[in-house]
Amino acid sequence: MKLMDIFGTLKRDMDFIERQLYRSIDGDDELLSETSLHLLKAGGKRLRPVFVLLGGKFGNYDLERLQHVAVPLELIHSASLVHDDVIDDAGTRRGKPTVKAKWDNKIAMYTGDFIYAKALVLAAELSNPEIHRILSKALVQMSIGEMEQIRDFFNTEQTVRNYLLRIRRKTALLIAISCQLGAMAAGAPEKVSWLLYRYGYNVGMAFQIRDDLLDLCGTEKSIGKPPGSDMRQGNITLPVIYALQEPKLRDSLLHEIHGIRAQDGAGDVSKAINMIISGPGIGQAEKLADRFISKALEALEGLPENKSRAHLKEIALFVNKRSY
């Protein structure tokens, strides 16, 4: 089964979630509604709501209840993208102008804050304090991950461990709790929600590694932004860390990275990208992504056998081979 087939089985419910997303940011302030809507209309995979709904299938599936998890999690993800684009000085996302590019940095920052606040208002509709605790802790960890990324811009001495801790906070955690909270909101057994968390965590780690690989190996058409954007911003990702560990590449690659930094990311990054692609770093990063996917599939084995488990397996396999 292909990914679009999985989305097709959830189409009616995802259409409802999409409408609720738009409704959630409408009406309070004309400008904030417009800027927030601009981001949502740019699209996206909506993976987090899909994970919530699939997690909910392991309990008493109730869309009216699950929306108060699915919508907030997608809003939180969207808000983080608005803030990321300001930090990264990004002009496009998903092939369209970012909020900061179409308006300005100040408007973008308040737009992100507005979307975060809306997410918390919607989540408050659920009376389960454990859901609120998990969601709040995830927001704290995401903020720490963002600060770590800023701290490590152009830090060519960072380790693989530094990188993994950062992407755990920035990406994997939100995907993990999407799976977990969907099950919790549906009243699934604790063991089920924990296994779904493990699945989501490992898929999230692989997702970010693949994202970083695509930034180096993808095309602007496929990824919606110019290749090498991470390097221009000073974000040293896993393939680069591995490449820097290669003695034959290290000095030349360091020279290129220092040049990119000296030009504030405005220079040509093609030479550095070609160095990385020609070395072992790409293959090493792919192997690590494979390991995370294997762990995700292992977590699924402990879950009840149903269509949702099969769909989660297909999504994991897609994440590890995706080209967009």
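1. The largest cavity in this predicted model has a volume of about 50 Å³. If you go looking for others, note that the structure holds one cavity of 30 Å³ or more.

2. Which residues line the largest cavity? Going along the chain, you will meet His38, Leu39 and Ala42, then Asp85 and Arg93, and finally Lys96, Pro97, Thr98 and Val99. Two elements, α3 (30–41) and β2 (96–97), each supply at least two residues of this lining. By class, the lining of the largest cavity divides into four nonpolar, two polar and three charged residues.

3. Next, a pocket. The second largest pocket encloses about 300 Å³ of space, and 15 residues line it. To find the spot on your screen, pick out Arg133, Ile134, Ile177, Gln180 and Tyr197, the lining residues that lie nearest the centre of the pocket.

4. Which elements give two or more residues to the lining of the second largest pocket? They are α8, α9 (160–185) and α10 (190–217). The most comes from α8, with six residues. Sorted by class, the lining of this pocket has seven nonpolar, three polar and five charged residues.

5. Now to the helix packing, beginning with α5. Two packed helices are described by the angle between their axes and the distance between the axes. For helix α2 (residues 11–24) and helix α5 (residues 63–88), the axes come within 10 Å and cross at roughly 60°. That angle falls in none of the roughly parallel, roughly perpendicular or roughly antiparallel ranges, so α2 and α5 are oblique to each other. Their crossing is right-handed.

6. What does each helix bring to the contact of α2 with α5? From α2 come Asp13, Phe16, Ile17, Gln20, Leu21 and Ser24. They meet Leu63, Glu64, Gln67, Ala70, Val71, Glu74 and Leu75 in α5. By class, this contact has seven nonpolar, three polar and three charged residues.

7. Helix α5 also packs with helix α8 (residues 129–151): their axes come within 12 Å and cross at roughly 15°. Angles under 35 degrees count as roughly parallel, and α5 and α8 are therefore roughly parallel to each other. Here, too, you will find a right-handed crossing as α5 passes α8.

8. Which residues of α5 meet α8? On the α5 side they are Leu73, Ile76, Ser80, Asp84, Ile87 and Asp88. Their partners in α8 are Leu135, Leu139, Met142, Glu146, Gln149 and Ile150. The contact of α5 with α8 has seven nonpolar, two polar and three charged residues. You have already met α8 in another setting, as the element that gives the most to the lining of the second largest pocket.

9. Another helix from that pocket lining, α10, packs with helix α16 (residues 281–300) at an angle of about 160°, with the axes 8 Å apart. Are α10 and α16 roughly parallel or roughly antiparallel to each other? Angles over 145 degrees count as roughly antiparallel, so α10 and α16 are roughly antiparallel to each other. The crossing in which α10 passes α16 is left-handed. The residues of the contact of α10 with α16 divide into 18 nonpolar, one polar and six charged.

Key: Residues are numbered from 1 along each chain as its sequence is written. This is a predicted model: local features need pLDDT of at least 70, side-chain atom pairs count only at pLDDT 80 or more; totals for chains, interfaces and linings use all residues. Side-chain values use heavy atoms; hydrogens and water are left out. Axes are lines fitted to C-alpha atoms, for helices over the stretch in contact, and angles run from 0 to 180 degrees between N-to-C directions. Helices (H or I, at least four residues) and strands (E, at least two) are DSSP runs, numbered from the N terminus. Angles under 35 degrees count as roughly parallel, over 145 as roughly antiparallel, 65 to 115 as roughly perpendicular and the rest as oblique. A crossing is left-handed if the near helix is turned anticlockwise from the far one by less than a right angle, and right-handed if clockwise. Contact means heavy atoms within 4.5 Å. Ala, Val, Leu, Ile, Met, Phe, Trp, Tyr, Cys and Pro count as nonpolar, Asp, Glu, Lys and Arg as charged, and the others, Gly among them, as polar. On a 1 Å grid over the protein atoms alone, a cavity is a set of points where a 1.4 Å probe fits but cannot get out, and a pocket is an open set with protein on both sides within 12 Å along at least five of seven lines; lining residues have an atom within 4 Å of a point. Grid points are joined across faces, edges and corners, and a volume is the space filled by probe spheres set on the points.
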